[in-house]
Amino acid sequence: MTGALTSAVTFGNSFARDLPEMAVPWQAEEFPDARLIVLNEQLSGELGLEPAFLRSPDGVALLCGNAVPDGTTPVAQAYAGHQFGGYSPRLGDGRALLLGDLTDPQGRMRDVHLKGSGATPFARAGDGLAALGPMLREYVISEAMDALGIPTTRSLAVVTTGASVYRETVLPGAVLARVASSHLRVGSFQYAAASGNADLRDRLVRHAIRRHYPHLEGAENPALALFDAVLSAQASLIARWMLVGFVHGVMNTDNMTISGETIDYGPCAFMDAFDPATVYSSIDVGGRYAYGNQPAIGEWNLARFAETLLPAFHDDREQAIAIAQEALGAFRGRYTEAWRTGFLAKLGLRDDADETAVDQLINDLLALLHANHVDYTSFFRMLGGAVHGPSEPVRTRFLDLAAIDAWIERWRAFGPDAELMARVNPAYIPRNHLVEEALAAATDGDLDPFHRLLEAVTQPFHERSGWERYAEQAPEDFGAYRTFCGT
Ligand code: AMP
Ligand code: MG
């Protein structure tokens with residue numbers, strides 16, 4: 001039974017209050033046998049929620065939506081979106097609920113959101129449920145991203161529901177409780193724009209500015225100022241994905257946040273061998289969301305965002321389009337600057353190195369990594385060891401030894417900083433073969449591999465003895481990796 005709950009933290013519902021047209025009050029399915037599987041104690045503390053409370057029956061009921069905190073009403077959020085380039089006017093939370101928002105002890109407003117809590121009016125043909133493996137997958141990958149310093153939604157807990165989920169096989173059902181600075185997406189603006197309600201659009205602009213870019217309050221053209229801020233946040237985010245070899249896998253406009261946080265860890269994966277054409281998602285047959293396409297897709301999604309704001313940019317459509325084009329024109333420069341700064345750090349180089357020579361060095365390296373099928377993450381970590389030590393461990397990853405030797409000599413001439421490299425090049429990422437191993441064991445009831453993987457990837461730069469297998473590339477026989485949506 002859904003009951004009211006008084007917890008130490010006061011929940012609000014600013015989204016539903018400001019934007020009722022986009023919030024459908026809804027309840028989670030009943031899960032009488034819900035059981036806590038993993039709790040993020042550090043994040044609970046950050047939110048001001050007592051871990052002991054979250055472990056109690058009332059806490060578990062909160063984490064699966066069966067108890068609702070005082071002061072809030074869970075809602076399914078409405079949004080639209082371009083999926084693989086095709087527009088869907090009505091997507092929305094098909095299997096998720098926004099429980100509400102809370103202001104953490106640092107004064108930051110955070111959404112608490114449940115995924116896998118049952119079908120909502122947006123579920124279409126879906127069952128509204130989620131399986132344990134994919135929810136643990138989102139948990140470990142999002143926490144790894146946070147530890148890597150990449151803006152992301154966070155994972156607070158995974159609860160098994162006690163109900164079965166029917167996919168290719170029968171799987172244990174689960175709810176992920178996730179935390180985000182908001183769940184506003186480009187698709188939220190597409191929904192507001194399509195409604196034709198200019199007041200709704202303007203309220204959404206104000207709500208987004210207040211939550212994410214309060215320094216823009218009072219801007220002469222709030223919509224344009226918001227657009228520019230989101231463009232910067234997205235450019236920087238995608239640059240960071242590229243630098244760590246992250247493939248999001250489903251960069252539909254409904255999965256692009258206004259905050260610039262990574263959201264929706266469905267078919268995502270970290271790239272093993274460097275290849276811009278890397279695709280993991282089973283449904284991305286055209287490679288639209290391939291690793292190397294992500295910056296261009298980010299720009300395309302921002303163009304869709306700009307379209308939703310045209311009437312707010314200027315009354316005259318021609319002028320509005322000119323404004324949008326100029327604003328969008330900033331994306332490539334901001335992306336390239338963020339990526340280049342990050343890549344220089346990966347190579348241990350300072351920003352004042354000769355620009356043409358450094359760009360040539362970077363391009364030659366990427367070509368070598370690609371041609372020699374070199375594991376992306378471990379390459380940079382091992383390269384750091386070649387600043388003062390022998391280049392042997394890193395050069396043997398290449399078939400073309402003469403080419404990598406010549407490249408290392410050129411690179412050393414720049415005087416790379418090994419300490420800087422160790423700070424930015426992770427030793428541990430959620431490698432595909434390790435993630436699969438951990439999730440298979442968890443689905444069979446053994447959570448130890450999951451907890452060990454989590455421990456490795458939440459301290460990604462701190463290399464520890466005894467953890468070598470977490471830093472190693474995938475075994476030869478791991479083969480092609482496939483990921484899935486809607487799991
Ligand atoms: P995604 O691209 O994975 O973020 O999901 C796209 C849309 O499908 C969203 O509207 C989701 O809420 C919805 N969806 C995905 N899986 C399910 C499911 N099992 N049941 C209902 N809706 C779902
Ligand atoms: Mg989504």
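Reader: Why is Cys268 called buried in this predicted model?
Author: The relative accessible area of Cys268 is 0%. Buried means under 20%, so Cys268 is classed as buried.

Reader: How do you know that Cys268 has no disulfide partner in Cys485?
Author: Cys485 holds the closest cysteine sulfur, and that sulfur is 10 Å from the sulfur of Cys268. A disulfide requires a pair of cysteine sulfur atoms within 2.5 Å, so the separation is too far for a bond. By this rule, the count comes to zero disulfides.

Reader: What makes Cys64 buried?
Author: Cys64 has a relative accessible area of 1%. Because the limit is under 20%, Cys64 is buried.

Reader: What makes Asn255 and Asp264 donors of the magnesium ion (ligand 2)?
Author: Asn255 (OD1) and Asp264 (OD) lie 1.8 to 2.2 Å from the ion. Donor atoms must be within 2.8 Å of the metal, so both residues count as its protein donors.

Reader: Are these donors, Asn255 and Asp264, buried or exposed?
Author: Asn255 has a relative accessible area of 7%, and Asp264 has 16%. Buried means under 20%, so Asn255 is buried, and so is Asp264.

Reader: Why is helix H13 described as largely enclosed by the rest of the structure?
Author: Helix H13 spans residues 376-385, and eight of its ten residues are buried, so the description applies. The buried residues include Tyr376, Phe379, Phe380 and Arg381.

Reader: Why is Ala198 called partly exposed?
Author: Ala198, in helix H7 (residues 198-212), has 38% relative accessibility. Buried means under 20% and exposed over 50%, so Ala198 falls in between and counts as partly exposed.

Technical notes:
Residues are numbered from 1 along each chain as its sequence is written. Chains are lettered from A and ligands numbered from 1 in the order in which they are written. This is a predicted model: local features need pLDDT of at least 70, side-chain atom pairs count only at pLDDT 80 or more; totals for chains, interfaces and linings use all residues. Side-chain values use heavy atoms; hydrogens and water are left out. Buried means under 20% relative accessible area, exposed over 50%, partly exposed in between (1.4 Å probe, protein chains only). Donors are N, O and S atoms within 2.8 Å of the metal (3.2 Å for Na, K and Ca); water is not among the atoms, so sites may look incomplete. Helices (H or I, at least four residues) and strands (E, at least two) are DSSP runs, numbered from the N terminus.
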